[in-house]
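Student: I would like to go through this structure and ask how each label was earned. Please set each value against its definition.

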Amino acid sequence: MKTTMMRFAIAASAALAAVLSASPGSAGPVTTDDLVKAQDNAGEWVMYGRDYRNWRYSPLAEITPDNAAKLTPAWAMSTGGQFGGLEATPLFHAGVLYFTADYGRVFAVDAKSGNIIWHYEPEYEDGFNAMLCCGPIHRGLALKGDLVYSMRLDAKLEAFNAADGKIAWEAKIDEWKNGVTTNSAPLVVGDHVIVGVSGGEYGVRGYLKSFNAKTGALEWQTYTIPAPGETGSETWPKDDSWKTGGGPTWLTGSYDAETNTLYWGVGNPGSWQFEQHLGDNLWTDSTLALDPDTGKIKWGYQYTPNDSWDYDAMATPILIDTTIDGKATKTWAVSSRNGYFYVLDRTDGKFLYAIPMVENINWTSGLDPKTGKPTINEAMKPKQGAGQVQPIVPGLEGGTNWFPPAYDPDLGLFFVGVNQWGMGLTSWEKGKLQYKPGDLYMGVDYQMYRMGETIGHIRAIDVANKKVAWDVPSPLPVFSGMLVTKGGVLFTGDQRGRFLALDAKTGKELWKFQTGSGINASPISYELDGKQYVAILSGLGGDPSFYYSAPKGGMLWVFAIDGKVDEGGAYNAEVIEKMLPAFKQ
Amino acid sequence: MLSGRGLSAATLALCLFAALPPAVMWHRSGSADEALTDPFLGQPDAIAAGKQTYRSICYVCHHSAGGRGPNLFATKLSDERFLETVINGRKGTQMPAFGLRLSPDEVWQVHAFVKSTDHYAN
């Protein structure tokens, strides 16, 4: 473990103290009120989805379709390391950009100068890297008070002092040797730091945990897989399969302050062999509504019962108040890996409607229009020892995946990256799969397929009118999150490394910039000294690197129209004193 | 089963290369320039065990015949270099060190499997 304050190469120590005392990050703690009203704070980005609704809608309007072509880089910095892929959403508070890079490295960077204020390099135990099935990626941070919260990949939650990166406390979430890893951004609600876990492919029993924001003390833990006798346990066989039943919680949830309700997505069951856990398998592939103070489950909704296709429903629920069938409705919208876009009533979890996001979905012959419950196409279920089933649409990477959508309340449009592809699955012979802590627990071989010339699509869905408003194809899969602004510009990226600005209303391309490596992260917008900036991390890694051979990278790019950078006489470089000491006579 | 030049896995668990990280290293007995070779090549039971390990651990990256990781069924690594790479990982890539998860014998079995065919098939 190492936390480093950048020592400035030029500044003398007295000057350094002055720089630090006046440095960004000292403009006040992030309060509960700041988080609840994050949507009104136009200039900042203080949580993963920008606000508790996860809209990723910036009220900034300097950049518009008319002037977006004038965007230029203001500055950039390399995140260095091993180029394991960047998937994070940066945060911006009090002049500082906070973000994570591969292996759970944490950076605090002065947004005015691009200089690193502090960074944290976790060191992991021998053998840990062998637990990272899908790459050493990391998705982000949380802020509260004077602390920055981040999960190490090895299931530890850490609180850093925002000003200097010193660790205020550390809490163990779980034992990584059992297959639990952590790479998502925590969600802070009040004084609760709520975290989800990965490990569905390792036979973990998924859960959420809440830690006290000030002390790191564990407050509650809620499993997504019920134990025998608990509600939902009737959807599991009367054996021990629930103990390795999956249902990880590996993306950040949403929160409705009006009703004090937490909404969180849940992943697929373990193993992928459905015969091992016959039944609907609640709450896998579901969205849960919970009490953030106790962790008690209020209700849930399951999208894909008895999943054998890896159709996690971990996608962050987007909380949207809109009009459905002529009636004002408080909804949550979820773009599921199973290929459908769902809208539900968030006051009771009742299904409202779903539309397909991709073509030729064939794991189901259709959804019940009243309940959304799918009619399973049994021919598309891979059975133990019965050979390959193909092509199943969508493929295991999903009609969409973890990359966050955005919602524009002015246009009523939900923007999401979707991918049109398929897969073949071959389930191992009966008895071949044995659970062993820390080993993959899937029991199915897979092959992804291209199903046409174009895989990726950037798509706008008209939520109230239940239809696709526009579609922009992208030849390679889309794995970038979305940002939409009040100025009417949609920002996202593609696998070719291009950072894109589109007209949010029409999808028309306004501007693009080649960042040098695939974009699998999510852009943000913030205001500094009265100017609107847009920031994005660029670096191929994670799942896309399963399918594409392209230059790896690790860069933070910051763009603006006539943006400024004020280096302030300090740089991200320092003399290695032992190698280059000052000469003395 | 035995590994290498009739050495048990336990006695191999020392240093192969001085430059290797301390996670897992092993010791060769006999002449220092003798290369370790896979004692399981061509043995059906070992190949079957290696296939099971391959699909449980290696497949996610190396897939049926290469993917995010290289095609192991066309590996040009020497037996010893293959063993060392799996045990210690490969710096600068996403190939992790499996030395705490797999015994040398298990790695030799995987090696015997990938040398027995040109691709993985269920």
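Tutor: Two residues are in contact if their C-beta atoms, placed from the backbone, lie within 7 Å. By that rule, among contacts in chain B between residues at least 6 apart in sequence, 65% join residues at least 24 apart. Note that this is a predicted model.

Student: What is the corresponding value for chain A, at a separation of 6 or more?

Tutor: In chain A, 63% of the contacts with a separation of 6 or more are between residues 24 or more positions apart.

Student: What makes up the secondary structure of each chain?

Tutor: Chain A has three helices and 39 strands. Chain B has four helices and zero strands, and its elements run α-α-α-α from the N terminus on.

Student: How do you know that the radius of gyration of chain A agrees with a compact globule?

Tutor: The rule is 2.2 Å times the number of residues to the power 0.38. For 585 residues it gives a value near 25 Å, and chain A has 23 Å, which agrees. The C-alpha atoms of chain A fill a box of roughly 80 × 50 × 45 Å along the principal axes.

Student: What share of each chain counts as buried?

Tutor: In chain A, 58% of the 585 residues are buried. In chain B, buried residues make up 40% of the 122 residues.

Student: Why is Y103(A) called buried?

Tutor: The cut-off is 20 or more other C-beta atoms within 10 Å. Y103(A) has 24 such neighbours, so it counts as buried. Y103(A) sits in the loop between strand 5 (96–101) and strand 6 (105–110) of chain A.

Student: Why is N306(A) called partly exposed?

Tutor: Partly exposed lies between the limits of 12 or fewer for exposed and 20 or more for buried. N306(A) has 18 other C-beta atoms within 10 Å, so it is partly exposed. Its place is the loop between strand 19 (297–302) and strand 20 (318–324) of chain A.

Student: What makes the phi values of Y103(A) and N306(A) worth listing?

Tutor: Most residues other than glycine have a negative phi. Phi of Y103(A) is near 65°, a positive value in a residue other than glycine. N306(A), also not a glycine, has a positive phi of about 45°.

Student: Which peptide bonds of chain A are described as cis?

Tutor: The bond from L282(A) to W283(A) is cis, with omega near -5°. The bond from V393(A) to P394(A) is cis as well, with omega near 0°. Most peptide bonds are trans. W283(A) lies in the loop between strand 17 (261–265) and strand 18 (286–290) of chain A, and P394(A) in the loop between strand 26 (388–392) and strand 27 (406–408) of chain A.

Student: How do you know that helix 4 of chain B is largely enclosed?

Tutor: Helix 4 covers residues 104–114 of chain B, and 11 of the 11 residues are buried, so it is largely enclosed by the rest of the structure. Among them are W108(B), H111(B) and F113(B).

Student: Why are helix 3 and helix 4 of chain B called oblique?

Tutor: Helix 3 (residues 79–88) and helix 4 of chain B pack at an angle of about 120°, with their axes 10 Å apart. Roughly perpendicular runs from 65 to 115 degrees and roughly antiparallel starts over 145. The angle is in neither range, so helix 3 and helix 4 of chain B are oblique to each other. Their crossing is right-handed.

Student: Which residues make the contact of helix 3 with helix 4 of chain B?

Tutor: Helix 3 of chain B gives D79(B), F82(B), L83(B), V86(B) and I87(B), and helix 4 of chain B gives P104(B), V107(B), W108(B) and H111(B). By class, this contact has seven nonpolar, one polar and one charged residues.

Student: What can be said of R90(B), in the loop between helix 3 and helix 4 of chain B?

Tutor: R90(B) has 14 other C-beta atoms within 10 Å, so it is partly exposed. Leaving out residues up to four places away in sequence, R90(B) touches T85(B) and M95(B).

Student: How many residues does each chain give to the contact between chain A and chain B?

Tutor: Chain A gives 17 residues and chain B gives 19 residues. On the side of chain A, strand 30 (444–450) and helix 3 (544–547) are the elements that give two or more residues. By class, that side has five nonpolar, nine polar and three charged residues.

Methods. Residues numbered from 1 in each chain as written. Chains lettered and ligands numbered in written order. Predicted model: local features only at pLDDT ≥ 70, side-chain atom pairs only at ≥ 80, totals over all residues. Nonpolar A, V, L, I, M, F, W, Y, C, P; charged D, E, K, R; others polar. Axes fitted to C-alpha atoms, helices over the stretch in contact; angles between N-to-C directions. Parallel < 35°, antiparallel > 145°, perpendicular 65-115°, else oblique. Left-handed = near helix turned anticlockwise from the far one by under 90°.
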